[in-house]
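Biologist: Please take a close look at side-chain packing and pairing in this model. Begin at the surface, work inward, and give the cut-offs where the reasoning depends on them.

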Amino acid sequence: MTNWHDMGGFDAGEIDETDHAVAFWEKRVDAMMVLLYTKGLFTVDSMRRVLEDLGPESFETMSYYERWMMSLHQNLLESGALSTEEIADRMAQVRERGATYGTASAAP
């Protein structure tokens, strides 16, 4: 018996192996993952658990880094590092910065 995320051995179809640009926000998500992991706010197992709990619909419709953000969000809540209110407040601060925030330093 397998779960939806157990894909080992199944035909995955064509794999696009061409290089692709990584968006600035994706680089930030990656950096947050490293920083929060080294601070002990989540483990690889806790990250994977959240990713698997997303379910097949979310897994198929969200990008790789969107799924990572969901996992970070849940793990920060579970660790007590941030509350829902604190996350909402910080997201409001980010929105206030505007859509172009950080683009000047988005060099490859």
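Modeller: A nonpolar patch, as the word is used here, joins Val, Leu, Ile, Met, Phe, Trp or Tyr side chains within 5 Å of each other, taken from residues that have over 30% relative accessible area and no salt bridge. The model is predicted, and what follows should be read as a description of that prediction.

W25, M32 and M69 make up such a patch, and together they have about 260 Å² of accessible area. W25 belongs to helix α1. Its relative accessibility is 39%, so W25 counts as partly exposed, and that value is over the 30% required of a patch member. For the protein chain as a whole, the exposed area is about 8400 Å², with 56% of it supplied by carbon and sulfur atoms.

Some background on the fold helps before going inward. The protein chain has five helices and zero strands, so the order of elements from the N terminus is α-α-α-α-α. Of its 108 residues, 20% are buried. If contacts between residues at least 6 apart in sequence are considered, 69% of them join residues at least 24 apart.

Next, the interior. In soluble globular proteins, nonpolar side chains tend to be buried together. Here the largest nonpolar core has 13 residues, and the members touching the most other members are V29, M33, L36, F42, M47, W68 and L72. Two or more residues of this core come from each of α1 (24-38), α2 (44-53) and α4 (64-79). Helix α4 gives the largest share, four residues. M33 shows how the pieces meet: setting aside residues up to four places away in sequence, M33 touches F42, M47, W68 and L72.

L76, in helix α4, is also buried, with a relative accessibility of 13%. That value is under the 20% limit for a buried residue, which is why L76 is classed this way. Beyond its neighbours within four places in sequence, L76 is in contact with L36, L41, A81 and L82. The pair L76 and L41 is 35 residues apart in sequence, while the C-alpha atoms of L76 and L41 are 6.6 Å apart in space.

A polar side chain is buried as well. S46 lies in helix α2 and has a relative accessible area of 14%, so S46 counts as buried. With neighbours within four places in sequence left aside, S46 is in contact with S71 and N75. With N75 there is also a polar contact, side chain to side chain, at 2.8 Å.

Last come the charged pairs. The model has three salt bridges by the rule applied, with a cut-off of 4 Å between a side-chain nitrogen of Lys or Arg and a carboxyl oxygen of Asp or Glu. One of them joins E52 and R48, whose closest N and O atoms are 2.5 Å apart. E52 and R48 are four residues apart in helix α2, so about one helical turn separates them. E52 is partly exposed, at 24% relative accessible area.

R49 takes part in the other pairings described here. Its side chain meets that of D53 in a salt bridge, at 3.6 Å from N to O. R49 and D53 are also four residues apart in helix α2, so the separation is again about one helical turn. R49 is partly exposed, with a relative accessible area of 33%, whereas D53, at 57%, counts as exposed.

R49 also forms a salt bridge with E78, the closest N and O atoms being 2.4 Å apart. This pair links distant parts of the chain, with E78 in helix α4 and R49 in helix α2, 29 residues apart. E78 is partly exposed, at 45% relative accessible area. Through shared partners, the salt bridges join R49, D53 and E78 into one network.

To put the helix pairing together: α2 and α4 both give residues to the nonpolar core, S46 of α2 has its side-chain polar contact with N75, and R49 of α2 is linked to E78 of α4.

Technical notes
Residues are numbered from 1 along each chain as its sequence is written. This is a predicted model: local features need pLDDT of at least 70, side-chain atom pairs count only at pLDDT 80 or more; totals for chains, interfaces and linings use all residues. Side-chain values use heavy atoms; hydrogens and water are left out. A nonpolar core is a set of buried Ala, Val, Leu, Ile, Met, Phe, Trp, Tyr and Cys residues joined through side-chain atoms within 4.5 Å. Buried means under 20% relative accessible area, exposed over 50%, partly exposed in between (1.4 Å probe, protein chains only). Contact means heavy atoms within 4.5 Å. Patches are made of residues with over 30% relative accessible area and no salt bridge: like charges are joined within 9 Å, nonpolar side chains (Val, Leu, Ile, Met, Phe, Trp, Tyr) within 5 Å. Accessible areas come from the Shrake-Rupley method with a 1.4 Å probe; for residues, only the protein chains shown count as cover. A polar contact is a pair of N or O atoms within 3.5 Å; within protein, one must be able to donate a hydrogen and the other to accept it, and residues adjacent in sequence count only if both atoms are side-chain atoms.
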